[in-house]
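Trainee: I'm new to this one. Could you take me through the nonpolar core slowly, and then through whatever sits around it?

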Amino acid sequence: MIDMFSEYKLKGLELKNRIVLPPMCQYSVTKKDGVVNDWHHTHYVSRAIGGTGLIIIEMTDVEPDGRISDYDLGLWSDEQVAPLARIVEDAHKYGAKVGIQIAHAGRKAEDAEVPVAPSPIAFDEQSKTPRELSTEEVKGMVEKFRLAVRRAVQAGVDVIELHGAHGYLIHQFHSPLTNRRTDEYGQDLTKFGVEIIRAVKSEMPEDMPLIMRISAKEYVKGGYGIKESLEFSKAYKEAGVDMFHVSSGGEGPIGADGRPGTHTAYQVPLARVIKQGLNVPVIAVGRLDEPGLANSVIGNEDADLVAVGRGMLKNPYWPLTAAESLRKQTDVPRQYAGGFRLG
């Protein structure tokens with residue numbers, strides 16, 4: 001029987017447990033230069049001390065105007081590598097493995113003077129209308145992803161995650177709602193994502209897994225559903241994705257039709273379909289803060305890893321307190337051992 005505290009291995013990635021800190025923007029860059037600072041160091045390393053198996057650093061963007069805001073992280077410059085490497089090195093001291101989410105916000109880049117996108121369609125009435133990328137600019141964007149991943153590998157990360165969800169640039173290209181192009185990147189909606197996957201894999205060690213976060217379902221009228229996400233995920237798997245981080249939504253204002261539920265574990269069925277339909281490992285995410293529930297997702301083999309976001313924002317030691325409540329054995333820093341009764 002496997003559970004949340006079972007070890008997990010995927011290619012060269014070996015995790016001490018199956019608990020993931022998902023990428024969550026901290027909006028804490030102080031000089032607008034995209035460089036991690038003391039806040040980021042404290043935030044991530046404290047979760048390593050707290051027992052997390054895999055930490056995925058927040059959405060980190062491939063160019064300054066690719067960020068949601070000017071207060072977000074970037075990896076478009078070599079000067080951004082060393083501070084990031086310090087976080088990775090210190091998290092490793094406490095047994096955590098570290099990934100990073102590489103992304104571009106596309107039309108959702110709020111502080112860009114003129115955002116860019118596959119097509120000139122605004123996110124909503126309050127948002128700027130983006131400029132459509134030329135075909136050559138799209139190819140240049142693939143190169144920016146490649147170089148960002150090169151820098152992430154230089155920083156010593158254990159795994160890369162591409163952000164293909166939540167209405168950001170890769171999602172915008174594979175969604176017919178936001179991609180109305182007539183060139184090669186409109187004729188094949190997965191072409192942009194596939195080219196990015198192949199480009200970044202060329203920079204990654206052969207045994208390093210590539211994760212892609214996807215929105216498996218859109219919550220807008222005319223949006224795609226699980227059938228379509230299975231199709232584009234198959235193309236991404238064939239291009240080199242090793243694991244999918246299955247989320248949903250984010251591509252536009254939520255319409256009356258298909259509004260997502262607010263119940264716990266509402267995205268787990270989507271993760272299960274991707275896992276079974278493509279025979280691929282998945283991370284489940286979304287309202288999994290209750291330890292027994294998160295543990296059941298693993299025990300029932302609905303997913304291979306569970307991401308706990310809000311729970312670990314509130315409690316950096318969530319894995320340790322979860323182990324205590326479930327009477328599971330896990331490593332506790334010796335300095336904190338007196339506070340826990342495990343096993």
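Mentor: Sure. By a nonpolar core I mean a set of buried Ala, Val, Leu, Ile, Met, Phe, Trp, Tyr and Cys residues joined through side-chain atoms within 4.5 Å. Keep in mind that what you're looking at is a predicted model.

The largest such core here has 80 residues, and the members touching the most others are Ile-102, Phe-145, Ile-160, Leu-162, Phe-192 and Phe-244. Helix α3, residues 135-154, gives this core its largest share, with seven residues. Now zoom in on Phe-192. Leaving aside residues up to four places away in sequence, Phe-192 touches Val-138, Met-141, Val-142, Phe-145, Leu-169, Ile-170, Phe-173 and Tyr-185. There's also another core, lying apart, made of 14 residues, including Leu-10, Leu-13, Leu-54 and Val-159.

Next, have a look at helix α2, residues 81-92. Its twelve residues should span 16 Å at 1.5 Å a residue, and the C-alpha atoms at its ends are 17 Å apart, so the two values agree. Buried in α2 are Val-81, Leu-84, Ile-87, Val-88, Asp-90 and Ala-91. An α-helix has 3.6 residues a turn, so residues three or four places apart point the same way. Among the elements covering the buried residues of α2 are α1 (38-49), β4 (54-61), β6 (97-103) and α3.

Helix α11, residues 318-326, is worth a stop too: Trp-318, Pro-319, Leu-320, Ala-322 and Ala-323 are buried there. Those residues pack against β3 (19-21), α1, α9 (291-299) and α10 (310-314). Right after α11 comes Arg-327, with a positive phi near 55 degrees, although Arg-327 is not a glycine. Arg-327 counts as exposed, because its relative accessibility is 65% and the cut-off for exposed is over 50%.

Lys-11 also has a positive phi, near 55 degrees, and isn't a glycine either. You'll find Lys-11 in the loop between β1 (8-10) and β2 (13-15). With a relative accessible area of 30%, Lys-11 is partly exposed.

Last, the largest pocket. Its volume is about 680 Å³. Lining it are 30 residues, and Pro-23, His-166, Arg-213, Ser-247 and Arg-310 are the ones nearest its centre. By kind, the lining splits into 14 nonpolar, eleven polar and five charged residues.

Definitions and conventions: Residues are numbered from 1 along each chain as its sequence is written. This is a predicted model: local features need pLDDT of at least 70, side-chain atom pairs count only at pLDDT 80 or more; totals for chains, interfaces and linings use all residues. Side-chain values use heavy atoms; hydrogens and water are left out. Buried means under 20% relative accessible area, exposed over 50%, partly exposed in between (1.4 Å probe, protein chains only). Helices (H or I, at least four residues) and strands (E, at least two) are DSSP runs, numbered from the N terminus. Contact means heavy atoms within 4.5 Å. On a 1 Å grid over the protein atoms alone, a cavity is a set of points where a 1.4 Å probe fits but cannot get out, and a pocket is an open set with protein on both sides within 12 Å along at least five of seven lines; lining residues have an atom within 4 Å of a point. Grid points are joined across faces, edges and corners, and a volume is the space filled by probe spheres set on the points. Ala, Val, Leu, Ile, Met, Phe, Trp, Tyr, Cys and Pro count as nonpolar, Asp, Glu, Lys and Arg as charged, and the others, Gly among them, as polar. The expected span of a helix is 1.5 Å times one less than its number of residues.
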